[in-house]
Amino acid sequence: MAISYSIYDVFTRQKLAGNPLAVMFGAENLDDAAMQAIAREMNLSETVFVGKSDNPAYAASLRIFTPASELPFAGHPTVGTAIAIAEANHPDDDVDMVAVLEEKVGPVRCAIRIRQGEPGFAEFDLPRKSSRVHLPLDQAQLADAIGLATSQIGFENHVSSIWTAGVPFLTIPVHNLAAMEEVDFDAGLWVKSAPLVEGRLTSAYLYCRGGVHHAAKFHARMFSPDMGIAEDPATGAAVAALSGAIHHFDGLSDGHYPLMIEQGVEMGRPSHIHLIMDVKENEISRARIGGHAVRIATGTLDL
């Protein structure tokens with residue numbers, strides 16, 4: 001069996017930056033074990049398997065795998081795959097289109113913009129709004145697991161908390177950029193101290209205000225032993241979860257909030273994730289995540 005694939009760098013306009021993604025086309029005949037084995041072989045944060053959906057209204061059905069497990073939803077695979085499908089179907093055209101991708105979390109509506117000679121852009125509506133999971137957290141253990149002092153955790157009224165918009169993350173506010181650089185994540189300690197949510201070990205999503213990029217409102221890092229990811233250059237699902245924390249702790253009033261979150265800077269793979277929130281009657285009425293992606297490789301997998 002031969003499967004064609006492309007590799008995209010996602011949440012960036014620059015090649016060899018952002019978060020790399022493998023997109024496998026025509027994956028209908030692969031079983032779960034084969035998909036997991038291929039994801040381990042590719043050894044990227046995520047590998048997406050694109051198949052036909054049983055619903056003719058959907059552009060494709062997606063299965064998303066990390067090197068260790070399948071995910072019901074993820075941001076950079078959604079953005080990268082939406083762009084990859086649009087570019088494959090319209091190789092010589094400028095395109096503005098809307099497509100619905102079927103993921104385990106449910107249908108995900110994407111808006112896609114393709115311009116010849118430029119990185120593609122895609123934006124999707126969150127399939128689930130972020131919600132908080134109330135579980136006791138040991139701040140001292142968390143501090144030890146990320147290699148910081150407890151005094152370096154928290155800013156303003158932001159405290160460590162668990163949020164999920166399909167995948168659970170333990171969001172940890174860090175005092176400033178200098179503390180972010182000092183983080184020394186210990187996967188073994190994290191596995192012992194982090195709680196389980198929906199049968200999955202929560203991943204660590206660290207964030208602070210500001211960033212290296214002048215437009216960044218928040219700077220973030222993500223670590224996930226459960227997903228087989230030592231550190232992730234860009235995590236859309238974590239930004240989806242973070243939207244709830246930002247709304248809650250910042251007490252956002254009704255209005256329109258376009259935010260840019262940077263990630264991957266410490267890895268030498270800067271990523272820029274666009275989060276747009278509309279707040280109405282003190283609740284998030286709509287939230288979207290978007291970003292650019294650029295293709296860096298195509299090939300065939302011979303199985």
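Which residue forms a salt bridge with R200? In this predicted model, the partner of R200 is D226, and the closest N and O atoms of the two lie 3.7 Å apart. The pair links distant parts of the chain, 26 residues apart. R200 belongs to strand β13 (residues 200-201), whereas D226 sits in the loop between β15 (218-224) and β16 (229-232). The two partners also differ in their surroundings: R200 has a relative accessible area of 16% and is therefore buried, since buried means under 20%. D226, by contrast, is partly exposed, with a relative accessible area of 30%.

This salt bridge belongs to a wider set, for a search of the whole structure finds 14 of them. Another one joins the side chains of D32 and R63, with a distance of 2.8 Å from N to O. Here too the pair links distant parts of the chain: D32 lies in helix α1 (residues 32-42) and R63 in strand β4 (residues 60-65), 31 residues apart. D32 is partly exposed, with a relative accessible area of 44%, while R63 is buried at 18%.

A further salt bridge is formed by the side chains of D250 and R209, at 2.6 Å from N to O. It links helix α6 (residues 236-250), which holds D250, to strand β14 (residues 203-209), which holds R209; the two residues are 41 apart in the chain. Both partners are partly exposed, D250 with a relative accessible area of 26% and R209 with 32%. Salt bridges can also share partners, and in this way D32, R63 and E70 are joined into one network.

Attention may now turn to a single residue, Q152. Q152 is placed in the loop between α3 (139-146) and β10 (161-164). Although it is in a loop, Q152 is buried, with a relative accessible area of 17%. Leaving aside residues up to four places away in sequence, Q152 touches P173, V174, H175, A179 and E182.

The final feature is the largest pocket, whose volume is about 270 Å³. Of the 16 residues that line the largest pocket, Y8, E87, P91, Q116 and R295 are the closest to its centre. Three elements, β1 (2-10), α2 (75-89) and β19 (283-302), are those that give two or more residues to the lining. The largest share comes from α2, which provides 3 residues. Sorted by class, the lining of the largest pocket consists of 7 nonpolar, 5 polar and 4 charged residues.

Note on methods. Residues are numbered from 1 along each chain as its sequence is written. This is a predicted model: local features need pLDDT of at least 70, side-chain atom pairs count only at pLDDT 80 or more; totals for chains, interfaces and linings use all residues. Side-chain values use heavy atoms; hydrogens and water are left out. On a 1 Å grid over the protein atoms alone, a cavity is a set of points where a 1.4 Å probe fits but cannot get out, and a pocket is an open set with protein on both sides within 12 Å along at least five of seven lines; lining residues have an atom within 4 Å of a point. Grid points are joined across faces, edges and corners, and a volume is the space filled by probe spheres set on the points. Helices (H or I, at least four residues) and strands (E, at least two) are DSSP runs, numbered from the N terminus. Ala, Val, Leu, Ile, Met, Phe, Trp, Tyr, Cys and Pro count as nonpolar, Asp, Glu, Lys and Arg as charged, and the others, Gly among them, as polar. Buried means under 20% relative accessible area, exposed over 50%, partly exposed in between (1.4 Å probe, protein chains only). Contact means heavy atoms within 4.5 Å. A salt bridge is a side-chain nitrogen of Lys or Arg within 4 Å of a carboxyl oxygen of Asp or Glu.
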